[in-house]
Amino acid sequence: MQLSHLGFNLGGSQTCKQCQREFSLKDVQTDPNDIEYNAQTLYMDSLCSKSCAIALQGKDRGEHRRDTIESLLYKRCNVPKLFLECSFDNFNPGSNMPIKHAIKVLKRLTEPWSDFVVLVGNPGTGKTHLAVALIRKIIEEQPNFYPYFISALHLLSDIKKATLSEHPKDEEQIISFYVNKRVLVIDDIGVEKTSPFVNQTWYRIIDDRYANSRATVFTSNLSNAELSEKLEPRLISRIFSGITLPTAGDDFRSRGKMRAL
């Protein structure tokens, strides 16, 4: 099964990005107790071993300065092209005090942190811009560390496709991919239709990340009360367990204020 936007073929063989050796998931050389360099994550990153991952990180240090931040955001962090230029510097909040406060808090976040962060507000108030600006800040401060961006709908679609796969392990591998990212940004949670599958999937990912103190950023057009009408109470409790940053205000897209002049 091909998941084109993630860029890997579950169950197939591929070429290691570092040593160019052909390998499959069962060939991955790693310590099963090593959470950061587990077999699924290495396989999905097209690496056959922990040593190749470390070697590639060393190579990346030399290449990082030659590569643009926008390229890293797109290739390594999965940020959509529309948002590649987003930064704190080119966001103009005007006199909007809630958004000024949100920017101040996000600028102070330094990896590693373990809180859940929720950016909540009406459509067009800059939530996705600010989430991507935070990703940019992290990769500028910590070369070779890449938070991962995914929309809620794409994440659920990936897992739904895996449930229909002929390979029983596909679903667990994709769940593991999202569970084990050190920093995960989930955009537009709450736009999906409510169903037992949606609640169960969110719980499996969110509860694991919450229990293991993995930093997670959510954006949503829905308030705590509105999300509570769509998601189970145990999910709401975890999502809003950390920092909630309202972004109330006018629609920047319609008024052309997203980027500073």
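Begin by selecting R204, a residue of helix α8, and bear in mind throughout the tour that the model on screen is predicted. With a relative accessibility of 25%, R204 falls in the partly exposed class, because buried would require a value under 20% and exposed one over 50%. If residues up to four places away in sequence are set aside, the residues that R204 touches are E171, E172, I175 and V179. A distance label between the C-alpha atoms of R204 and S176 should read 9.8 Å, although the two residues stand 28 residues apart along the chain.

**From R204 to the pair α7 and α8**

Next, select helix α7, residues 170–179, together with helix α8, residues 196–211, whose axes lie 9 Å apart and pack at an angle of about 40 degrees. The two helices are therefore oblique to each other, and the crossing in which α7 passes α8 is right-handed. Showing side chains brings up the contact itself, in which E171, E172, I175, Y178 and V179 of α7 meet T201, R204, I205, D208 and R209 of α8. Sorted by class, this contact of α7 with α8 holds five charged residues, four nonpolar ones and one polar one.

**Staying on α7**

Keep α7 selected and colour its residues by accessibility: is this helix mostly covered or mostly open? It is mostly covered, since eight of its ten residues count as buried on the criterion of under 20% relative accessible area. The buried residues of α7 are D170, Q173, I174, I175, S176, F177, Y178 and V179.

**The other partner, α6**

Now add helix α6, residues 152–163, whose axis comes within 7 Å of that of α7 and crosses it at roughly 160 degrees. Why do α6 and α7 count as roughly antiparallel to each other? They do so because their angle of roughly 160 degrees lies over the cut-off of 145 degrees. The crossing of α6 past α7 is left-handed. On the α6 side the contact is made by L155, D158, I159, A162 and T163, and on the α7 side by D170, E171, I174, I175 and Y178. By class, the contact of α6 with α7 comprises six nonpolar residues, three charged residues and one polar residue.

**Into the nonpolar cores**

From here, select L155, Y178, W202 and L231, which are the residues with the most contacts inside the largest nonpolar core, a set of 43 residues. Helix α8 gives the most to this core, contributing six residues. Centre the view on W202, which, leaving out residues up to four places away in sequence, touches A152, L155, L156, I186, I189, E192, D207, L231 and L235. Apart from this core lies another one, of 35 residues, and I69, V105, I138 and A215 are among its members.

**A second helix pair, α4 and α5**

Move on to α4, residues 97–108, and helix α5, residues 127–141, with axes that come within 10 Å and cross at roughly 25 degrees. Because that angle is under 35 degrees, α4 and α5 count as roughly parallel to each other, and their crossing is right-handed. The residues to display are I99, A102, I103, L106 and K107 in α4, which meet L130, L134 and K137 in α5. This contact of α4 with α5 divides into six nonpolar and two charged residues, with no polar residue.

**Two loop residues with positive phi**

Then select S46, in the loop between α1 (39–44) and α2 (50–64), and inspect its backbone, where phi is positive, at about 60 degrees, although the residue is not a glycine. With a relative accessible area of 13%, S46 is buried. Go on to N78, in the loop between α3 (69–75) and α4 (97–108), where phi is again positive, at about 65 degrees, in a residue that is not a glycine. N78 counts as buried because its relative accessibility of 19% is under the 20% limit.

**Zooming out**

Finally, show the whole protein chain as a cartoon, in which the secondary structure comes to eleven helices and nine strands. Of the 261 residues in the chain, 51% are buried. Among contacts in the chain with a separation of 6 or more, 74% are between residues 24 or more positions apart.

Technical notes
Residues are numbered from 1 along each chain as its sequence is written. This is a predicted model: local features need pLDDT of at least 70, side-chain atom pairs count only at pLDDT 80 or more; totals for chains, interfaces and linings use all residues. Side-chain values use heavy atoms; hydrogens and water are left out. Axes are lines fitted to C-alpha atoms, for helices over the stretch in contact, and angles run from 0 to 180 degrees between N-to-C directions. Helices (H or I, at least four residues) and strands (E, at least two) are DSSP runs, numbered from the N terminus. Angles under 35 degrees count as roughly parallel, over 145 as roughly antiparallel, 65 to 115 as roughly perpendicular and the rest as oblique. A crossing is left-handed if the near helix is turned anticlockwise from the far one by less than a right angle, and right-handed if clockwise. Contact means heavy atoms within 4.5 Å. Ala, Val, Leu, Ile, Met, Phe, Trp, Tyr, Cys and Pro count as nonpolar, Asp, Glu, Lys and Arg as charged, and the others, Gly among them, as polar. A nonpolar core is a set of buried Ala, Val, Leu, Ile, Met, Phe, Trp, Tyr and Cys residues joined through side-chain atoms within 4.5 Å. Buried means under 20% relative accessible area, exposed over 50%, partly exposed in between (1.4 Å probe, protein chains only).
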